[in-house]
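Here are my notes on the model you sent round, with chain B as the main topic. Please keep the structure open beside them as you read.

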Amino acid sequence: MSREAMNHDAGRLRGRPVYVVDGTRTPFLKARGRPGPFHASDLAHAAGRALLTRLAVDAGRVDQVVLGCVSSGPDEANIGRVVALRLGCGERVPAWTVQRNCASGMQAVESAALEIASGRCDLVLAGGTESMSHHPVLFNELMVAWLGAWSQARTLGARGKALMQLRAQHFKPVIALLRGLTDPVVGLSMGQTAEELAERFGVDRATMDAYAVRSHQRLDRANGNGWMDEIEPLYDSDGNVYEHDDGLRPDSSTDALAKLRPVFDRPVGRVTAGNSAQVTDGAAMLLLASQAAVEAHGLPVLGRIVDSQWAGLDPAQMGLGPVHAMAPLMQRHGLDSDDVGVWEINEAFAAQVIACTRAWQSDGYCRDQLGLDGGFAPIDEDRLNVDGGGVSLGHPVGASGARITLHALKVMQREQRGVGIASLCIGGGQGGALLLEGAQEANA
Amino acid sequence: MNPHFSIDKDSNGIAWLTFDKADSGTNVLTEEVLEAFDQSLVTVAQMHPKGLVILSGKRNGFIAGADVKAFARVAGVASAEKHIRRVHEIFHRLEAMAFPTVAAIRGFCLGGGLELALACDYRVCCNDGGTRLGFPEVKLGIFPGYGGTVRATRLLGDLKALELMLGGRTVSARAARRLGLVDLAVPQRQLRPAALRLLDERKSPRRAGRLARVPAFAPLRPLVTRFMTRQVHKHVNTEHYPAPLELLAHWQATAGDATDMYASEASNVARLINATTAQNLIRVFLLQDRLKAEGNKADFAPRHVHVVGGGVMGGDIAAWCALKGMRVTLQDRAPEYLTRAIERAHTLFRRKLKDRYAAQAAVDRLMPDHRGSGVRSADVVIEAIFEDIDAKQALYAEIEPQLKPGAVLATNTSSIPLATLGEKLANPGRLVGLHFFNPVAKMPLLEIVRDTTTDADVVTRAAAFARHIDKLPLKVRSSPGFLVNRVLMPYLLEAVELLDEGVPAAVVDQAAVSFGMPMGPIELADTVGLDICLSVAQKMAEALHNPVPERLREMVEAGELGRKSGKGFYAWRKGKADKPAVKTESPIDANDISDRLVLRLVNESVACLRERVVDDEDLLDAGVIFGTGFAPFRGGPMHYVHSRGDVAVKQRLDELENRFGQHFHADAGWGAMA
């Protein structure tokens, strides 16, 4: 049996139905060059606390907590457990943390879904969190070695000698955020992988910028219509409240974006800060439940997680991950693009989302890379990222997977859609996707 | 074996003496316990152990001190002195044991408990936040009498020991270690090992160095006393609270000689405890116990409190509940109305909880909740919005259908009758008043307001809730001003009246402070805010026939609101009243001023009793002391009346009525008394 044929059904999520009860998220707060007001655990705690309170579910009733986070703070080892305890779940409730780069939040949701499907749990709190403004700045290895030597130097002479060896290069910090956004195997930054896709699929600068402007406009419209009610405000200790995603630029225009210089492939590239996802702090939390838990606690149902898929591909092409993850889902469930009412494909880069849609309908790409007979029908732009995405509201790496899952379900509820897909590309060359079912179908 | 102590000699020859007072949650040194302790020491001595560890079997602490209840029943100076000499004997026995002794302290170790620990060779305490050591005796109008003045000066040196005993404050484990009060402060898991190590090392017990004992040289003592007296005057009015000066006099007379000092302790403390001040302060201590007993934690186990209203009152109530371990949701109509409350809560938590993990946990327990999601899971819902009947009724209409069965619905109203607020409820009986005082974090009293409509078990649950958040519940009937504001209002209005008659504000305030009030009425009005005073006065004016002074109205209209606006009756700078030196002669003499203020409060208290706003005189005294700070050493307004003589006070009221007008007309309630 070929690898593709094996995949066809073997990957299916089996077992008991998995319901999403509800979810909340924090506003996404743009990192502004200094540590923001909230640590990753603060963000996840705020979202989780609001969710449980809104549902009137006692934190102690939760069977498990799973949290996705790419890089938690030094005081947040196993941040899932930190958040579970801070939520008052109690010491007896186990909690863990998952990391799959940009899909960590989706991994958490999927792991929680598996726990429920298998019958091991009935009620699981899952989500993702990231405080990118708190990603550490580290000493470089030269400095670490020097500090080691310094601690060994006991005499005044030895210390003087050690001091003499200090050079300016010792003080050059390692910015963990930038290193994390660089592929450690092929050496490309995430922006450079987007440049690869732009070139390969012929996505020009104007198309990217137009996409970015639309992302802002869509988010602005959603805010105006009160569609972002999954957001719970954050309050800091200095008397400030944060109610909305603060990366939004409602006045964004293609003219303004055209003035920005490329960031990754200077001077000739086309990916700019304006058409890339924003570096952001934020968290999203969902409550997942079995049928038994829904009935026992009298919980509402937002939708159902039907199936999931992970895929691997060339790290240099990581932005196409969604195509590789979504295709097997479609095949397994006999779907074509028109059957899907709501698409959330995480906007890491405008170029990357556009490349995905082009690859998706490309006979050549689907045949050569996915072993399919041909491409899928085009994805209707009016059903894709309808309320904006990473470009306008930001991409706190560990949180986005949970956010798009939640938001896809919210849009499905709003627009009465039965089927939805949430998917993202993953640094390191992977893609992840969840197949979702709306509340009407789930309840039926 | 006796019921309070158990002795266990381990295989290494160490005796472990555990104090676990029978029929009590707290270790207290009653006469019976002390005798039992003495017997235990005899038993231990007969075992010939290598060493003795004394510890507590209670979770809450080591020993809370001597038996204050018995203090209230002492029958004369001679028997008190005999008791003290007997305790000296027992503690001498402990001190003179042929083997080393150590007190292993966890939680509080106060007064007589600390004196017992000081009679051991060594002390080790647990270094967590719950450990508090100190001599609170001066707060009861006495000073340490179980050998504490001798052993503390010997251990710490005279200055440090005097300072500790004069202030009556308690110290943390770290501070105790720094002072030298304990030999070691260790994590709880190391308490027993540390005690064993001290016994094993057998170092000579710690003593203050010679330098620290220099102040005890006879020629220097008067100087030291003068210096310390000056320090005392900065903090207390020694006319009202003589104990600190008595302690200094005792020290000055006898510090050179331990035998003299023990004898002087016995005679002086016996005398003080029989004096009025101590007896009144002990009364206040017992009144506090009485209020505590008004609510029983076992009756109700609330975990989640929902507060509606993010203003100063609502916000501070929410923060206080979170501080005391409740899960709290705080609602107001939009997020921006909650930010100030959250900011203030952070400040409160930082100040009260030194431990950053504990502060974080408190922050986590307090959830700003503009959607009001918390109502559904709350055990107690407290409404603290503005005083408007329609708004409150509309809010209850929203809340009531969401309430859990058995949840308490409470209002923080200070002026609207419960029956009115509850008339549109499906179940009016579930509405109860929880009247907090400002500032919430400082005021210990919580009025539990009930109307004829209020269910009895709701009142019980509300009182239990008060205990869960460490407040003193006082059950009051729903009538204008309840108890505290009602008795305070005539007192404040009289102060304004005096101003109108030309008495300078500082003179009015001084008269009240001299009586023993924590703050004069004018300064109090400025601090509370004149707008608030006016609003309460207006609400009460109708019902109680207290006309509202024009002057108050004019000042509020002019934006002179007191401390918060920078100008009221006083000018305020950096939170302090600028009190001008009084140049003009007051037209009214100080005695009259004092009586005019105090007797109006007293007269209103009599009216409250007649109307049965509270059930009895003790509750009234307790409420007024803990709700207003009414001179504690006077034992409360009714106790004050009785000490001065019911007839005399009534006559004085009649006289004031003749001279100053009918607002001094003695309440009908006097008829039943005088």
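1. Let me start with the contacts inside chain B. Of those with a separation of 6 or more, 72% are between residues 24 or more positions apart; two residues are in contact if their C-beta atoms, placed from the backbone, lie within 7 Å.

2. A word on the source. This is a predicted model, in which local features need pLDDT of at least 70 and side-chain atom pairs count only at pLDDT 80 or more, while totals for chains, interfaces and linings use all residues. Residues are numbered from 1 along each chain as its sequence is written, and chains are lettered from A and ligands numbered from 1 in the order in which they are written.

3. Now the overall form. The C-alpha trace of chain B spans about 75 × 60 × 50 Å along its principal axes. Its radius of gyration, 27 Å, agrees with the value near 26 Å for a compact globule, because chain B has 674 residues and the rule, taken over C-alpha atoms, is 2.2 Å times the number of residues to the power 0.38. Of these residues, 52% count as buried, that is, with 20 or more other C-beta atoms within 10 Å of their own, C-beta atoms being placed from the backbone.

4. Chain B holds 29 helices and 22 strands, counted as DSSP runs (H or I, at least four residues, for helices; E, at least two, for strands) and numbered from the N terminus.

5. My favourite part is around strand 17 (residues 408-411) of chain B. B:Val408 and B:Ala410 point one way from this strand, B:Leu409 and B:Thr411 the other, and all are buried. Strand 16 (residues 380-383) of chain B runs parallel to strand 17 and is joined to it by 4 bridges, with B:Val381 opposite B:Leu409. Strand 18 (residues 431-435) of chain B also pairs with strand 17 in the parallel sense, over 3 bridges, and there B:Val432 is the bridge partner of B:Ala410. Strands pair if DSSP finds at least two bridges between them.

6. Finally, which elements of chain B touch chain A? The contact takes 18 residues from chain B and 15 residues from chain A. Strand 14 (327-331), helix 15 (339-352) and strand 15 (366-368) of chain B each give two or more residues, and helix 15 of chain B has the largest share, 5 residues.

Terms used:
A residue is buried if 20 or more other C-beta atoms lie within 10 Å of its own, exposed if 12 or fewer, and partly exposed in between; C-beta atoms are placed from the backbone.
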